[in-house]
Amino acid sequence: AKEHSTFAVYVQSTIPVPVNVTILSTQFLLEGSEGELRCVGQGNPVPKVTWHKQKGNSETAIADGNIINKETFTEMLAILRISPVTLENEGEVYKCKGSNMDLYDDDITYRAEAGIKVEVVSAIEPSISLPSTSTIQAGKASTLICSVVGSPPPTISWYKNKKLIQGATESVYITDGSAGRYTCKAENVLGSVSADVFVQPEPGYTGGQILVIILIVAFVATMLIVVILIYVRKGELDRRARESELQNGLIEKEKPDLDLLGVSEMYKVPSTSPASLPLTPTPRPFTPMPPPNEQVPA
């Protein structure tokens with residue numbers, strides 16, 4: 001049987017790369033814990049990385065026993081451990097320094113450094129406080145506020161329907177008016193916490209509601225038409241009444257004044273009202289009828 005072997009071959013780059021250092025840790029260290037400051041140096045050849053503590057205008061190199069180095073083909077990671085972290089570490093300034101030499105000229109040395117100022121914080125798990133109403137209406141832009149408390153200061157991220165919203169890392173987020181489930185997440189070294197805000201879609205109308213609306217609109221339109229017809233009819237009657245009054249006025253003007261001619265006195269009819277009649281009847285003389293063929297004395 002044939003034997004197979006595997007070899008790792010490292011090819012050294014022939015391009016010189018000056019050193020560059022980057023501090024990977026935050027400035028916050030938790031009181032009472034074992035703090036770490038991480039710094040990575042990159043370059044070709046792989047640089048040497050050290051930590052220094054600054055006091056005033058002077059710097060003191062930290063012994064290698066307090067630093068853990070991890071080297072790869074292209075970089076060096078230097079981890080400075082501070083244990084335990086106390087309030088005395090507040091405000092301390094640490095510098096990460098890296099150096100490497102040029103591949104073709106040993107007289108050329110490249111150097112780089114980066115600094116960090118420590119802030120000691122008490123352990124406070126993150127907490128979120130949202131407004132009293134966690135449900136709002138969609139249709140227009142809304143401002144969502146996520147009040148976060150914690151130490152070290154928590155990082156904030158926003159999600160919509162469980163999908164991360166890129167670039168939304170502040171406590172205030174303005175929506176685009178669309179509906180959905182918005183989540184504010186706060187996280188620090190002690191843990192994470194999240195809270196939801198629901199943006200409901202704009203309300204729609206059911207078939208029954210649409211029918212009711214149509215009936216109401218039809219009723220209002222019918223009543224409006226009736227009022228208009230009544231108003232038109234009243235105007236027509238008023239117009240006819242005015243025309244009738246105008247015609248009667250013309251007839252009165254054309255009728256002659258009979259009193260001026262004395263005609264009304266000529267045709268005056270005596271009053272026959274009960275007040276004009278005598279209370280007792282007036283006796284009339286009795287005249288007997290003459291017998292037949294008898295002359296009436298002269």
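**Exercise 1.** In which helix does Ile 216 lie? Work this out on the predicted model, then place the residue on the surface.

*Solution.*
- Start with the secondary structure: Ile 216 sits in helix α1, which covers residues 207-254.
- Next, look at its cover. The relative accessible area of Ile 216 is 48%. Exposed would take over 50% and buried would take under 20%, so Ile 216 counts as partly exposed.
- Now check its company: Val 212, Ile 216, Phe 219, Val 220 and Met 223 make a nonpolar surface patch of about 480 Å².

**Exercise 2.** Stay in helix α1 and find the salt-bridge partner of Asp 238.

*Solution.*
- The partner is Lys 234, with the closest N and O atoms 3.2 Å apart.
- Both residues belong to helix α1 and are four residues apart, about one turn of the helix.
- Asp 238 itself is partly exposed, at 32% relative accessible area.

**Exercise 3.** Which parts of the chain does the salt bridge between Glu 34 and Arg 81 tie together?

*Solution.*
- First the contact: the closest N and O atoms of Glu 34 and Arg 81 are 3.7 Å apart.
- Then the location: Glu 34 is in the loop between β2 (28-30) and β3 (35-44), while Arg 81 is in strand β7 (residues 75-82), so the bridge ties together parts 47 residues apart in sequence.
- Both ends are partly exposed, Glu 34 at 47% and Arg 81 at 40%.

**Exercise 4.** Try a strand-to-strand pair: locate Lys 97 and Glu 113.

*Solution.*
- These two form a salt bridge, the closest N and O atoms being 4.0 Å apart.
- Lys 97 is in strand β8 (residues 93-101) and Glu 113 in strand β9 (residues 109-117), 16 residues apart.

Note on methods
Residues numbered from 1 in each chain as written. Predicted model: local features only at pLDDT ≥ 70, side-chain atom pairs only at ≥ 80, totals over all residues. Heavy atoms only, no water. Patch = residues over 30% accessible without salt bridge, like charges linked within 9 Å, V, L, I, M, F, W, Y side chains within 5 Å. Areas by Shrake-Rupley, 256 points an atom, 1.4 Å probe, with all protein chains shown as cover. Salt bridge = Lys/Arg side-chain N within 4 Å of Asp/Glu carboxyl O. Helix = DSSP H or I, 4+ residues; strand = E, 2+ residues; numbered from the N terminus. Buried < 20%, exposed > 50% of the residue type's maximum accessible area, 1.4 Å probe, protein only.
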